[in-house]
Amino acid sequence: MRHRAFRAAVAEEFGEAHSGVLLRDYWLAALGSTPDEALDRGVEPRVVWEALCVEFEVPEPRRHGRGLADPRE
């Protein structure tokens, strides 16, 4: 998952207005940081996306991001 696809998936799942705040301010214990901090440290966008999906209980069929190709296929 590329950064652009990651940001598109977050915006689609959580809303365009909310996604920036979520990435900047939400603490993910699984990553020990906010999503943006994790990305800045070099954590792969796919790992950050999966942590967000687990934290917010995103249904499995949408974990590849609404409207995006499932990267596991």
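**Close-up views of a four-helix chain**

**View 1. Helix α4 and its buried residues.** The buried residues of α4 pack against α1, α2 and α3. These residues are P45, V48, W49, A51, L52 and C53. Buried means under 20% relative accessible area, exposed means over 50%, and partly exposed lies in between, with a 1.4 Å probe and protein chains only. Packing is judged by contact, that is, heavy atoms within 4.5 Å. Helices (H or I, at least four residues) and strands (E, at least two) are DSSP runs, numbered from the N terminus.

The model is predicted: local features need pLDDT of at least 70 and side-chain atom pairs count only at pLDDT 80 or more, while totals for chains, interfaces and linings use all residues. Residues are numbered from 1 along each chain as its sequence is written, and side-chain values use heavy atoms, with hydrogens and water left out.

**View 2. The whole chain.** The chain has four helices and zero strands. From the N terminus on, the order of elements is α-α-α-α. The chain has 73 residues, of which 38% count as buried. Taking contacts between residues at least 6 apart in sequence, 43% join residues at least 24 apart.

**View 3. The buried face of helix α2.** In α2 (residues 16–25), the buried residues are S19, L22 and L23. Viewed down the axis of α2, they fall within an arc of 90°, so they line one face of the helix. The arc is taken over the directions from the helix axis to the C-beta atoms. The partners against which the buried residues of α2 pack are α1 (3–14), α3 (35–40) and α4 (45–55).

**View 4. The crossing of α1 and α2.** Two packed helices are described by the angle between their axes and the distance between the axes. Here the axes of α1 and α2 come within 7 Å and cross at roughly 120°. Axes are lines fitted to C-alpha atoms, for helices over the stretch in contact, and angles run from 0 to 180 degrees between N-to-C directions. The two helices α1 and α2 are therefore oblique to each other. Angles under 35 degrees count as roughly parallel, over 145 as roughly antiparallel, 65 to 115 as roughly perpendicular, and the rest as oblique. The crossing of α1 and α2 is right-handed. A crossing is left-handed if the near helix is turned anticlockwise from the far one by less than a right angle, and right-handed if clockwise. On the α1 side, F6, R7, V10, A11 and F14 meet E16, H18, S19, L22 and L23 of α2. By class, this contact of α1 with α2 has six nonpolar, two polar and two charged residues. Ala, Val, Leu, Ile, Met, Phe, Trp, Tyr, Cys and Pro count as nonpolar, Asp, Glu, Lys and Arg as charged, and the others, Gly among them, as polar.

**View 5. The packing of α1 on α4.** The axes of α1 and α4 are 9 Å apart, at an angle of about 15°. That makes α1 roughly parallel to α4. The crossing of α1 with α4 is left-handed. From α1 the contact uses H3, F6, A9, V10, E13 and F14, and from α4 it uses P45, V48, W49 and L52. The contact of α1 with α4 comprises eight nonpolar, one polar and one charged residues.

**View 6. E13 and the segment after α4.** E13 is in helix α1 and, at 13% relative accessibility, counts as buried. E13 and V58 are 45 residues apart in sequence, with a C-alpha to C-alpha separation of 8.4 Å. E57 is found in the segment after α4. E57 has a positive phi of about 50°, although it is not a glycine. At 68% relative accessibility, E57 counts as exposed.

**View 7. The loop between α2 and α3: L28.** L28 lies in this loop and counts as buried, at 1% relative accessibility. Leaving aside neighbours within four places in sequence, L28 is in contact with S33, P35, A51, L52 and E55. L28 and E55 are 27 residues apart along the chain, and their C-alpha atoms are separated by 7.6 Å.

**View 8. The loop between α2 and α3: Y26.** At 28% relative accessibility, Y26 counts as partly exposed. Beyond its neighbours within four places in sequence, Y26 is in contact with V21, S33, T34, P35, E55 and F56. The C-alpha atoms of Y26 and L52 are separated by 9.6 Å, with the two residues 26 apart along the chain.
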